[in-house]
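The exercises below are meant to be worked through with the sequence and the 3D view side by side. Each one sets a task and then gives a solution in steps.

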Amino acid sequence: MAKYVAAVDQGTTSTRCMLFNHAGEPVGIHQMEHEQIYPKPGWVEHDPMEVWDRTQDVIKAAMEDAGATAADIAAVGVTNQRETTVVWDKNTGKPYHNAIVWQDTRTDKLIKEFEGSVGQNRFRDKVGLPLATYFSGPKIRWILDNVPGVKEAAEKGDAIFGNMDTWVIWNLTGGPKGGAHVTDVTNASRTMLMNLDGLRWSDSITDVMGVPKSMLPEIRPSSDVYGYTTEDGPFGGKIPVSGDLGDQQAATVGQACFEVGEAKNTYGTGCFMILNTGTEIVPSESGLLTTVCYKFGDEPTVYALEGSIAITGALVQWLRDNLNFFDFSFHIEDYAKTVEDNGGVYFVPAFSGLFAPYWKSDARGVIAGLTRYVNKGHICRAALEATAYQTREVLDAMEKDSGVSLKALKVDGGMVYNDLLMQFQSDVLQVPVVRPMVAETTALGAAYAAGYAVGFWSSTDEMRENWGVDKTWEPDRDSKAPTELFHYWKKAVTRTFDWVE
């Protein structure tokens, strides 16, 4: 009898596979990084073939780690870096171009073209999103316009598109030999091509963007059987692939945020806060995104408000890799602890422009407040504090849009093991910050969606029972973080505006 559910978590910097038991506990895990490719300033790419190779490797290693065979696996779920765009030949399985990553800004001229005289909210009433370089639709158009032969292949029906969930599921279920060309409602809601009301591809928007609908995958629920793994694939047997969620929605499910008003914040490459708004589509007046939270089978669609921050953990990586500040990312906390405060330094990492709540693709990063007093420790501390300040800005917008005051913030992702950051986050928000027992909730959410589709978990209540608190940080009521320090942060943010002309 099957005793585990597997989750493939295809992220921005790495891919992991995790196996979970019925209690939601990890029993096997493996993770591998893949190359970050920067062909030009503002351009970010991944090699889809390398990602698929890593995916196969981590699946095999996680199975080995758990001592599991295909017979032990009830279902497979997939979660993914959203908006990252791949176009490939359905006959050969070969990509026409590297994947264009969500952080990439090469579509900025297309965005201006699509805005026309209406502006960045041209399609917001249909898709819940502002026109921005972040989303997939303009990336598809860029590939059609700039990669020789793709437009002709699309017209013949040979070139197909997918975000990374679609790419992984297609390969897991057979690839050129009948692989399922599908996506779920959460990922489709991030393309800028799907109507939120009705959950279908928009004829009018695909026409404006010049994207043939024949390239697009079938939109399916987040919890549904899409196909089966192949005998010769990395799982080594026929297993239902039955869960698909964009990474932030997966973390929301993994955190058991099933009730209206429940929210979570994930600290990864970027930072993403999601608030469950139930079956109601809530438009944002404050720079947030209206998006799909999840859809389980035939049950009603659940929507959300989201605040998206482009650069958080990626700033730590940048200090490590580009400036050689330290050898391992976790060392940033050691350096930050060598100083009592930020020394007056504020680091606004607008490397890919500013996302929520500003949506300024012409912004670029700044370090403000430098004096001769400042040392490496102050810059490290300012880099960590940047994550907390950006989260505060998103939370302020979320409370304004929803009318809901947050009582506590559930957190997950790699940075939640940084005690200094989590305490400062609590101070700047003035609410408790709560880390669950299983902090890798993204993979857990994908597992829940997959397992729910095949009856491994019978209800969301059963999933909620698995959730438990690992650690809570309480706010310092005397801290200057939410007042004076946050004021200077807002001032520093204005220095990033309109840098690219």
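**Exercise 1. Place Gly268 in the chain and describe its surroundings.**

Gly268 is found in the loop between strand S15 and strand S16 (271–278), where helices (H or I, at least four residues) and strands (E, at least two) are DSSP runs numbered from the N terminus. The model is a predicted one, in which local features need pLDDT of at least 70 and side-chain atom pairs count only at pLDDT 80 or more, while totals for chains, interfaces and linings use all residues. Residues are numbered from 1 along each chain as its sequence is written, and side-chain values use heavy atoms, with hydrogens and water left out.

Next comes accessibility: Gly268 has a relative accessible area of 27% and is therefore partly exposed, since buried means under 20% relative accessible area, exposed over 50%, and partly exposed in between (1.4 Å probe, protein chains only). Leaving aside neighbours within four places in sequence, Gly268 is in contact with Thr312, Gly313, Ala314 and Met415, contact meaning heavy atoms within 4.5 Å. Finally, Gly268 and Gly11 lie 257 residues apart in sequence, and their C-alpha atoms are 9.1 Å apart in space.

**Exercise 2. Describe the largest pocket, and say which element gives the most to its lining.**

Begin with the volume: about 980 Å³ of space lies in the largest pocket. On a 1 Å grid over the protein atoms alone, a cavity is a set of points where a 1.4 Å probe fits but cannot get out, whereas a pocket is an open set with protein on both sides within 12 Å along at least five of seven lines, and lining residues have an atom within 4 Å of a point. Grid points are joined across faces, edges and corners, and a volume is the space filled by probe spheres set on the points.

The lining of this pocket consists of 38 residues, and those nearest its centre are Tyr267, Gly268, Thr269, Gly414 and Met415, so that the glycine of the first exercise appears here again. At least two lining residues each come from S2, S3, helix H9 (247–254), strand S15 (263–267), helix H10 (313–321) and helix H11 (331–336), and H10 gives the most, with five. By class, the lining holds 12 nonpolar, 17 polar and nine charged residues; here Ala, Val, Leu, Ile, Met, Phe, Trp, Tyr, Cys and Pro count as nonpolar, Asp, Glu, Lys and Arg as charged, and the others, Gly among them, as polar.

**Exercise 3. Describe the second largest pocket in the same steps.**

This pocket holds about 560 Å³ of space. It is lined by 23 residues, of which Tyr38, Val44, Trp318, Asn322 and Phe351 are the closest to its centre. H10 supplies the largest share of this lining, five residues, and the classes are eight nonpolar, 10 polar and five charged.

**Exercise 4. Which strands stand at the edges of the six-stranded sheet?**

Six strands form an open sheet with mixed pairing, in the order S3-S2-S1-S5-S14-S13, two strands being paired if DSSP finds at least two bridges between them. The edges are S3 and strand S13 (223–228), each of which has a single partner strand, so one side of each is left without a neighbour in the sheet.

Two of the pairings show both directions. Strand S2 (residues 14–20) and strand S3 (residues 26–33) run antiparallel and are joined by seven bridges, with Arg16 having Gln31 in S3 as its bridge partner. S2 and S3 form a hairpin with five residues between them, and in its turn Gly24 has a positive phi of about 75°. Strand S1 (residues 4–10) and strand S5 (residues 73–80), by contrast, run parallel, also with seven bridges, and Tyr4 stands opposite Ile73 in S5.

**Exercise 5. Is helix H4 (residues 136–146) largely enclosed or open?**

Of the 11 residues of H4, nine are buried, so the helix is largely enclosed by the rest of the structure. The buried residues include Lys139, Arg141 and Trp142. Among the elements that cover the buried residues are strand S6 (85–89), helix H2 (108–115) and helix H5 (150–156).

**Exercise 6. Where is the cis peptide bond that involves Pro357?**

The cis peptide bond joins Ala356 and Pro357, with omega about -5°. Pro357 lies in the loop between strand S19 (346–348) and strand S20 (366–368).
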